[in-house]
Amino acid sequence: MSEFSWLIHPLILSAKTLCITFVCLVLIGLPIAYFLAFYKGKFKPALEALVMFPLIFPPIATGFLLLYLLGRNSFLGEALNLQIVFSFSALVIASFLAGLPLLVKPVSAALESLPKSLIEAGQSLGKNKFEIAVFIIMPNVIKSIISALVLALARGLGEVGITLMLGGNIVGKTDTVSLAIFNAVYDGENERALILSLILVVLSLAMFGFINLLEARKTGA
């Protein structure tokens, strides 16, 4: 087991991170997308920019800002006694923030393009807002949601900059597959880096193929 720990540990750690990230994207990301799709207030551009920030801002700089805000010696860190930096929680936060824009933007666009007659039909049947959202609106954009989720998870899997700064790249603790590739190259272990890279290629192609399949079915429907 120890002989292949360089391969097994990053894979297991990345899988665990993506599982928690998936839950966070569903429970937090989807409500954000729904809110931004139907919110018409004057703060909408600012909120959209905040969500898109991790996508347009350099990841390494984003990671530094999070380190500065969430570190043990920061105002929030001392006030809330945070133990996030250099932990598994840091990996989840990095993966979630990296993937969030790729979930929110497509889902919001899909929601905004829905005919208003669907909502009006639900209201005429006496459904409340929650029932309309869960039983009428979301089922009509489910393929867009799944595609966006896969894309967001793929982005989280390949995240390096935020993870490096916030997670600390501690071998055996916070070294995900992407960071394991970085470490292997740094140590001159090019064969290990190649194997890990090929694994990411296979996973990325599988995710891309799944998204294309959904898009084809959506077009066919």
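**Helix packing and two unusual backbone sites**

In this predicted model, helices α2 and α5 are oblique to each other, because an angle counts as oblique when it falls outside the ranges set for roughly parallel, roughly perpendicular and roughly antiparallel pairs, the last of which begins over 145 degrees. The angle in question is about 140°, and the axes of α2 (residues 44-56) and α5 (residues 88-112) are 6 Å apart. On the side of α2, the contact is made by Lys44, Val51, Met52, Pro54 and Leu55, while α5 contributes Leu97, Leu100, Pro101, Leu102, Val104, Lys105 and Glu112. Sorted by class, the residues of this contact comprise 9 nonpolar and 3 charged ones, with no polar residue among them.

Helix α1, which covers residues 5-38, has 34 residues and should therefore span 50 Å at 1.5 Å a residue, and the separation of 48 Å between its end C-alpha atoms agrees with this expectation. Along its course, α1 bends by about 35° at Leu25.

Most residues other than glycine have a negative phi. Two asparagines of the model have a positive value instead, with phi near 55° at Asn81 and about 55° at Asn169. Asn81 is found in the loop that runs between α4 (75-80) and α5, whereas Asn169 belongs to the loop between α9 (161-167) and α10 (177-186). As for their surroundings, Asn81 counts as exposed because its relative accessibility is 56%, where the cut-off for exposed is over 50%; Asn169, by contrast, counts as buried because its relative accessibility is 15%, and buried means under 20%.

Conventions. Residues are numbered from 1 along each chain as its sequence is written. This is a predicted model: local features need pLDDT of at least 70, side-chain atom pairs count only at pLDDT 80 or more; totals for chains, interfaces and linings use all residues. Side-chain values use heavy atoms; hydrogens and water are left out. Axes are lines fitted to C-alpha atoms, for helices over the stretch in contact, and angles run from 0 to 180 degrees between N-to-C directions. Helices (H or I, at least four residues) and strands (E, at least two) are DSSP runs, numbered from the N terminus. Angles under 35 degrees count as roughly parallel, over 145 as roughly antiparallel, 65 to 115 as roughly perpendicular and the rest as oblique. Contact means heavy atoms within 4.5 Å. Ala, Val, Leu, Ile, Met, Phe, Trp, Tyr, Cys and Pro count as nonpolar, Asp, Glu, Lys and Arg as charged, and the others, Gly among them, as polar. The expected span of a helix is 1.5 Å times one less than its number of residues. The bend at a residue is the angle between axes fitted to the seven residues ending there and the seven starting there. Buried means under 20% relative accessible area, exposed over 50%, partly exposed in between (1.4 Å probe, protein chains only).
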